[in-house]
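Got the viewer open? Let's go from one pair of helices to another, then finish at the ligand.

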Amino acid sequence: MKEITQPFRGISRYLLFISVLTICCTDSAAAQNSTPLQITVDPDQTGPVINKHIFGQFAEHLGKGIYEGVWVGPDSEIPNTRGLRDDVIEALKKLKVPNVRWPGGCFADEYHWRDGIGAPEERQKRLNASWAGRVEPNTFGTHEYFDFLNLIGAEAFISANVGSGTVQEAADWLEYLTATGSTLAEERAKNGHPEPYEVGFWGIGNEVWGCGGPFTAEEYLKELKQFSNFSTNYNPEMPTKHVAVGPDGDGFGEYTEVIMKEWAQKSWAWNIQGLSLHRYTRNGWPPNIIATDFNEAQYAAVIHETLGMDGYISRNKVIMDKYDPEVQVGIYVDEWGTWYKATEGSPEGYLEQQNSIRDAIVAALNFNIFIRHADRVKGANIAQMINVLQAMILTKQEKMILTPTYHAFRMYVPFQNATRLDIEFDAGSYESGEVTLPGIDAVAAQDDKGRIIIALTNVNPKEPTTIELSLAGISIKNVVGETLYASTIDAINTFEDPENVSPNPLSPDISEGKITVKLKPQSVTILTVEKE
Ligand code: AHR
């Protein structure tokens with residue numbers, strides 16, 4: 001029997017099996033195609049709420065992520081609101097972005113918040129040591145960040161500077177943001193914002209084992225306790241969650257054990273509500289995966305690596321369950337996504353890369369993994385929002401395009417704060433050379449209006465796959481669908497052809513209480529079912 005990729009094994013809620021046809025036949029893709037794969041959703045079997053923060057964004061002062069991507073300045077000819085570009089704001093509103101993690105990344109641990117407040121012309125210029133030493137004008141600072149959040153309707157996720165900052169500097173920043181009546185609060189008012197800001201998440205450093213330190217886990221623990229103790233939120237409207245740095249996919253696994261063990265016996269003087277995990281799809285270091293013009297084997301390798309997110313979360317969950325069985329500390333995968341070889345000719349350190357239908361599949365598979373682990377995963381942030389790594393949006397001065405990843409985020413909006421439903425399915429299989437992957441993936445949820453939402457990904461780039469979907473005990477009133485598909489494996493959107501990869505409506509058949517839908521190869525599909 002062929003190997004099934006690890007993430008699809010051992011998930012108790014799922015009945016996954018390789019069908020007899022798949023075992024006996026050499027061409028499993030054809031077998032998958034000829035016999036519809038069965039999916040059953042049970043609306044009576046509910047799981048946890050899918051925290052909307054699983055669909056968070058990350059924007060770092062890196063390349064064109066902030067400058068040009070978000071901020072063009074009030075004097076720009078590019079239409080803007082107080083310096084923030086209007087086209088980007090309109091596009092992001094459609095994603096219902098729950099939070100934007102800022103100012104880094106590695107940049108966070110060299111960022112001094114006072115550089116980014118006050119009269120723009122007087123702000124301190126620095127060199128961005130983390131990202132190719134480019135000039136950081138600090139014209140996008142605290143107030144511009146909150147203005148931007150307010151325009152797109154997102155919450156704040158600030159990473160405080162642990163590496164080169166002090167406990168006092170971080171404490172002052174949070175007081176400046178949230179206090180009423182203090183000198184720092186008066187300074188905030190003088191700078192244009194009398195009302196306290198709401199800070200949903202306070203990251204205590206970033207990758208402190210590397211660019212944000214370097215600290216051993218034990219050394220960081222000492223910093224964490226002090227930063228947590230003295231970072232006080234004074235705004236009762238919005239409690240701030242403290243998020244500690246955890247491991248990344250390639251190592252530093254001891255962080256979870258060391259932090260959670262100490263947390264279990266913590267005193268009143270410090271606390272965390274989140275532990276950060278980072279994991280990129282990048283095939284080691286330096287990144288060597290190509291973003292465009294790749295072949296099927298390169299497609300399959302990326303999908304295979306992506307699916308490793310499941311095991312990574314599971315391993316960390318085991319440790320967290322040991323010390324925190326009541327799940328008071330959530331996992332925040334606050335950096336994830338594809339990290340490819342940079343676009344040829346792009347400036348060094350800008351981390352610019354194209355984004356294909358493969359990236360949309362990567363996004364959907366990661367969402368599905370986070371949703372399956374929604375009992376512990378309370379947030380995640382894709383790296384990064386605009387122009388950097390697996391971006392939603394690419395800009396070229398006044399032009400802007402939406403990437404396939406953007407469309408995947410938009411299509412998954414109905415999953416934000418929905419309740420996960422149990423789903424059983426035969427994943428089939430898809431083979432490319434030595435790699436065997438599940439043919440499809442699926443998750444289901446119920447929204448607050450009682451609609452059932454099902455996400456279906458056809459991983460197989462060679463064959464369409466027919467699905468037969470049963471909804472236990474439900475009589476179906478209506479079903480609508482939307483699918484993201486492109487006819488070539490590496491299809492991208494460009495400034496010349498911006499809608500090459502974009503979603504289209506899909507009409508599933510309903511017969512004898514079952515929904516039948518044919519999934520195009522390498523596609524992401526969302527069905528919304530209304531009950532009678
Ligand atoms: O997202 C790019 C970089 O990746 C971030 O700055 C850092 O946290 C991570 O290593």
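Start by selecting helix α5 (residues 167-178) and helix α7 (residues 217-230): their axes come within 9 Å and cross at roughly 30°. That makes α5 roughly parallel to α7, a label for angles under 35 degrees. Axes here are lines fitted to C-alpha atoms over the stretch in contact, with angles from 0 to 180 degrees between N-to-C directions; helices are DSSP runs (H or I, at least four residues), numbered from the N terminus. Look along the pair and you'll see α5 pass α7 in a right-handed crossing, meaning the near helix is turned clockwise from the far one by less than a right angle.

A quick note: this is a predicted model, with local features needing pLDDT of at least 70 and side-chain atom pairs pLDDT 80 or more, while totals for chains, interfaces and linings use all residues. Residues are numbered from 1 along each chain as its sequence is written, and side-chain values use heavy atoms, leaving out hydrogens and water.

Next, select α9 (residues 296-323) and α10 (residues 357-372), which pack at about 15° with axes 10 Å apart. They are therefore roughly parallel too, and their crossing is right-handed.

Now show the ligand and what surrounds it (a heavy atom within 4 Å): the residues include F58, W131, Y280 and W339. For polar contacts (N or O pairs within 3.5 Å), try the E60 side chain, 2.7 Å from a ligand oxygen, and a polar side-chain atom of N206, at 3.0 Å from one. Taken alone the ligand exposes 290 Å², and the protein buries 95% of that (Shrake-Rupley, 1.4 Å probe).

Conventions. Polar contact = N/O pair within 3.5 Å; in protein donor to acceptor, adjacent residues only side chain to side chain. Helix = DSSP H or I, 4+ residues; strand = E, 2+ residues; numbered from the N terminus. Parallel < 35°, antiparallel > 145°, perpendicular 65-115°, else oblique.
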